[in-house]
Amino acid sequence: QVQLVESGAGLVQPGGSLKVSCVASGLIPGNYAIGWFRQAPGKERAGVSCISSSGDTNYADAVRGRFTVSRDNAEYTVHLQMNSLKPEDAGVYYCALSAGIRVTTNQAMCTKAAFYDYWGQGTQVTVSS
């Protein structure tokens, strides 16, 4: 089993920045990818970004150029740096782990929840003035 724990919840004004992180533990496969998803009240969970254990990344169009995903393989930690935040970026942010599938290959795979095997509990991001 794999456990994922997100951190970095916060309230930020529009235009501001926030970083959320995800720490993975347990039986982590040699090749894996971590994805970030978000869910606003009343909306479906949507993929944001992903990064593989080899450093390949991909992003949803809505965040490309504003968000940056990075990883520290030694500590199985992934960060999502969010800049120029908009009210529509608010929601619960989840990280998820995909084992054995190259989800970073393209945006469609990267942002599809069905390709991910393990999920964290989420961390709240609020963007409001």
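Start by selecting Ser-21: straight across from this residue, in strand 8, you'll find His-79. Keep in mind as you click around that this is a predicted model.

**Stop 1: the strands around that pair.** Now select residues 18-26, which are strand 3, and residues 77-82, which are strand 8. These two pair up in the antiparallel sense, over 6 bridges. Widen the view and you'll see that they belong to an open sheet of 4 strands, with antiparallel pairing and the order 1-3-8-7. Next, pick out the edges: strand 1 (2-7) and strand 7 (67-72). Each edge strand has a single partner, so one of its sides has no neighbour in the sheet. On average, neighbouring strands here are turned by 15 degrees against each other, direction ignored.

**Stop 2: Ser-53.** Jump to the loop between strand 5 (46-52) and strand 6 (57-59), and select Ser-53. Is Ser-53 buried or exposed? Its relative accessible area is 14%, so it counts as buried, the cut-off being under 20%. Who does Ser-53 touch, leaving aside its neighbours within four places in sequence? Show Gly-30, Asn-31, Tyr-32, Arg-71 and Asn-73 to see those contacts. For a distance check, pick the C-alpha atoms of Ser-53 and Leu-80: they sit 15 Å apart, with the two positions 27 residues apart along the chain.

**Stop 3: the largest pocket.** Stay with Ser-53, because it also helps line the largest pocket, along with residues including Asn-31, Tyr-32, Asp-56, Gly-100 and Arg-102. The volume of this pocket is about 190 Å³. Try colouring the lining by residue type: you should get 4 nonpolar, 6 polar and 2 charged residues.

Technical notes:
Residues numbered from 1 in each chain as written. Predicted model: local features only at pLDDT ≥ 70, side-chain atom pairs only at ≥ 80, totals over all residues. Heavy atoms only, no water. Buried < 20%, exposed > 50% of the residue type's maximum accessible area, 1.4 Å probe, protein only. Contact = heavy atoms within 4.5 Å. Pairing = 2+ DSSP bridges. Axes fitted to C-alpha atoms, helices over the stretch in contact; angles between N-to-C directions. 1 Å grid on protein atoms, 1.4 Å probe; cavity = no way out; pocket = protein on both sides within 12 Å on 5 of 7 lines; lining within 4 Å. Points joined across faces, edges and corners; volume = space filled by probe spheres on them. Nonpolar A, V, L, I, M, F, W, Y, C, P; charged D, E, K, R; others polar.
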